[in-house]
Amino acid sequence: MDCLFCKILAGEIPSTKVYEDDYVYAFKDIAPQAPFHAVIIPKKHIQSAADINSENSIYVAKIFEAVATIAKENNLGQGFRVVTNCGEDGGQTVGHLHYHMLGGRLLAWPPG
């Protein structure tokens, strides 16, 4: 499989780890859009949010458990944003379910 995030998980592509457990890996985004910007991925390849089902939804639950831990460990008590893009029209550029976690500044809505 030629998946960028699977290659990161396999250690074939370097990343700066923010968090890791048996289900989840989080790393610093290479083009941060906020003072804190992490990409959070499941350790199982799931193509996008459209492919979440009863057999793999445990990974999504574990991702959001990790979000709470990451927020505490990175002093994001003032607030943060977690977002996923789904499909080409939704702006998804890597075909592996992932969430962007941004914080450390006031985040406007809608995003620019």
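Biologist: Which residues does His 96 touch, not counting residues up to four places away in sequence?

Modeller: This is a predicted model, and the contacts are computed from it. His 96 touches Cys 3, Phe 5, Cys 6, Leu 9, Ile 41, Pro 42, Lys 44, His 45, Ile 46 and Gln 47. The residue itself lies in the loop between β4 (80-83) and β5 (99-103).

Biologist: Is His 96 buried or exposed?

Modeller: The threshold for burial is a relative accessible area under 20%. His 96 has a value of 0%, so it is buried.

Biologist: How should I read the pairing of the strands, and in which sense do β1 and β2 pair?

Modeller: The general idea is that in a regular strand the side chains alternate between the two faces of the sheet. In this model, β1 (residues 17-20) pairs with β2 in the antiparallel sense, over three bridges. A hairpin of three residues makes the connection from β1 to β2. Within this pairing, Lys 17 stands opposite Phe 27 of β2.

Biologist: How many bridges join β2 to β3?

Modeller: Five bridges join these strands, which run antiparallel, with β3 covering residues 36-42. One of the partnerships sets Lys 28 against Ala 38 in β3. Strand β2 (residues 24-28) is itself mostly covered, with four of its five residues buried.

Biologist: How is a nonpolar core to be read, and which residues of the largest one touch the most other members?

Modeller: In soluble globular proteins, nonpolar side chains tend to be buried together. Here the largest nonpolar core has 19 residues, and Phe 36, Ile 40, Ile 70 and Met 101 touch the most other members. At least two residues come from each of β1, β2, β3, α2 (57-73) and β5. Helix α2 gives the most, with seven residues.

Biologist: With which residues is Ile 70 in contact, leaving aside its neighbours within four places in sequence?

Modeller: Ile 70 is in contact with Val 18, Tyr 19, Ala 26, Phe 36, Ile 40 and Met 101. There is also a second, separate core of eight residues, which includes Cys 3, Tyr 25, Val 39 and Val 94.

Biologist: Turning to the aromatic rings, how many aromatic pairs does a search of the whole structure find?

Modeller: The search finds four. To read the geometry of such a pair, one considers the angle between the ring planes: over 60 degrees counts as edge-to-face. For Tyr 23 and Tyr 59 the planes stand at 70° and the centres are 5.3 Å apart, so this pair is edge-to-face.

Biologist: Where do Tyr 23 and Tyr 59 lie?

Modeller: Tyr 23 is in the loop between β1 and β2, whereas Tyr 59 is in helix α2, so the pair ties together parts that are 36 residues apart in sequence. Tyr 23 is partly exposed, with a relative accessible area of 30%, whereas Tyr 59 counts as buried at 16% relative accessibility.

Biologist: What is the geometry of the aromatic pair formed by Phe 64 and Tyr 99?

Modeller: That pair is edge-to-face, with 5.3 Å centre to centre and 75° between the planes. It links distant parts of the chain, 35 residues apart, with Phe 64 in helix α2 and Tyr 99 in strand β5. Phe 64 counts as partly exposed at 39% relative accessibility, while Tyr 99, at 6%, counts as buried.

Biologist: Which residues form one aromatic cluster?

Modeller: Phe 5, Tyr 25 and Phe 27 form one such cluster. Two of its members have appeared above: Phe 5 is touched by His 96, and Tyr 25 belongs to the second core.

Conventions
Residues numbered from 1 in each chain as written. Predicted model: local features only at pLDDT ≥ 70, side-chain atom pairs only at ≥ 80, totals over all residues. Heavy atoms only, no water. Buried < 20%, exposed > 50% of the residue type's maximum accessible area, 1.4 Å probe, protein only. Pairing = 2+ DSSP bridges. Contact = heavy atoms within 4.5 Å. Core = buried A, V, L, I, M, F, W, Y, C linked by side-chain atoms within 4.5 Å. Phe/Tyr/Trp six-rings, centres within 6.5 Å; stacked < 30°, edge-to-face > 60°.
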